[in-house]
Amino acid sequence: MEFKEIGAEMGGEETIMAGIYQQIRGDISGSIMFLLEEKSARVLVSKLMGVESNSSEPFNEMEISALQEIGNIITGSYLSSLSTLTNMTIDASVPSLCIDMCEAILSVPAIEFAELGDKMLLIKTEFSDDVKLEGYFILVPDLTSYEKILTSLGM
């Protein structure tokens, strides 16, 4: 889809999201983001920590750390699968977290992706237990890495 449509697909540009951002390196380089709505982020933090996250308060230091670790685990799993599919070594940096409007968070991959064009692959994922949660991956490889990925997938 066109990059300008991604915010609307994720609930609207003004939707408050938690975005976990990591640089990737190894056989390919670029970045990856995992995003989820603030409500979903609070549910995941509550489940991980075994306490209720107060939605009227900003995330505290412990909750931010938990979100970064959740993003690290989920993104690591995605990158591991991509690594297996492409037979490439892919490593990720320490995650950084931003909680802001979707449009503001998406400005980072927009700047990085601008040199590749105006279309992007958005991967939607769902988690479920007693509650269904949705999250989104945005992989932004550099130009050389983009070609490597497509070649390794036979495209």
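Helix 2 covers residues 38-49, and its length makes a good way in. With 12 residues at 1.5 Å a residue, helix 2 should span 16 Å, and its end C-alpha atoms are indeed 16 Å apart, so expectation and model agree. Keep in mind as you look around that this is a predicted model. From helix 2 the tour moves to the chain as a whole, then to its strands, its cores and a few single residues.

**Helix 2 and its surroundings**

- Six names make up the buried part of helix 2: Ser40, Ala41, Arg42, Leu44, Val45 and Ser46.
- Those buried residues pack against four elements, namely strand 1, strand 2, helix 3 and strand 6.
- As a general point, an α-helix has 3.6 residues a turn, so residues three or four places apart point the same way.
- Just after helix 2 comes Gly50, which has a positive phi, near 70 degrees.

**The chain as a whole**

- You will find 5 helices and 6 strands in the chain.
- Starting at the N terminus, these elements follow the order α-β-β-α-α-β-β-α-β-β-α.
- The radius of gyration is 16 Å, close to the 15 Å that the globule rule gives for 155 residues, so the chain is as compact as a globular protein of that length.
- Measured out along its principal axes, the C-alpha trace spans about 45 × 30 × 25 Å.- Of the 155 residues, 40% count as buried.
- Among contacts in the chain with a separation of 6 or more, 65% are between residues 24 or more positions apart.

**Strand 1 and its partners**

- Strand 1 spans residues 16-26, and strand 2 spans residues 30-37.
- Strand 1 and strand 2 form a hairpin, with 3 residues between them.
- The pairing of strand 1 with strand 2 is antiparallel and runs over 8 bridges; in it, Gly19 stands opposite Leu35 of strand 2.
- Strand 4, residues 96-101, is also antiparallel to strand 1, and 6 bridges join the two.
- To find this pairing, look for Ile16, which stands opposite Met101 in strand 4.
- Strand 3, residues 90-92, pairs with strand 1 in the antiparallel sense over 3 bridges.
- Here Gly26 has Ile90 of strand 3 as its bridge partner.
- In general, the side chains of a regular strand alternate between the two faces of the sheet.

**The nonpolar cores**

- The largest nonpolar core holds 23 residues, and Ile24, Ile32, Ile90 and Leu139 have the most contacts inside it.
- Strand 1, strand 2, helix 2, helix 3 (61-86) and strand 6 (132-141) are the elements that give two or more residues to this core.
- Helix 3 gives the most to this core, with 6 residues.
- Another core of 14 residues lies apart from the largest one, and its members include Phe3, Tyr21, Leu122 and Tyr136.
- Beyond its neighbours within four places in sequence, Ile24 is in contact with Ser29, Gly30, Ser31, Ile32, Leu79, Ile90, Asp91, Ala92 and Leu139.

**Two residues to look up: Glu37 and Thr86**

- Glu37 belongs to strand 2.
- Glu37 counts as partly exposed because its relative accessibility is 31%, and partly exposed covers values between 20% and 50%.
- Glu37 and Thr15 are 22 residues apart along the chain, yet their C-alpha atoms are separated by 7.2 Å.
- Leaving out residues up to four places away in sequence, Glu37 touches Met10, Thr15, Ile16 and Met17.
- Thr86 is part of helix 3.
- Thr86 has a relative accessible area of 5%, so Thr86 is buried.
- Not counting residues up to four places away in sequence, Thr86 touches Ile149, Ser152 and Leu153.

**The cysteines**

- How many disulfides does the model have? The count comes to 0.
- Cys98 is in no disulfide, and the nearest cysteine sulfur to it, that of Cys102, is 11 Å away.
- Why is Cys102 not bonded to Cys98? Their sulfurs are 11 Å apart, which is too far for a bond, because a disulfide needs sulfur atoms within 2.5 Å.
- Is Cys102 buried or exposed? Cys102 counts as buried, at 0% relative accessibility.
- Cys98, with a relative accessible area of 34%, is partly exposed.

Definitions and conventions:
Residues are numbered from 1 along each chain as its sequence is written. This is a predicted model: local features need pLDDT of at least 70, side-chain atom pairs count only at pLDDT 80 or more; totals for chains, interfaces and linings use all residues. Side-chain values use heavy atoms; hydrogens and water are left out. Buried means under 20% relative accessible area, exposed over 50%, partly exposed in between (1.4 Å probe, protein chains only). Contact means heavy atoms within 4.5 Å. A nonpolar core is a set of buried Ala, Val, Leu, Ile, Met, Phe, Trp, Tyr and Cys residues joined through side-chain atoms within 4.5 Å. Two strands pair if DSSP finds at least two bridges between them. The expected span of a helix is 1.5 Å times one less than its number of residues. The radius of gyration is taken over C-alpha atoms; the globule rule is 2.2 Å times the number of residues to the power 0.38.
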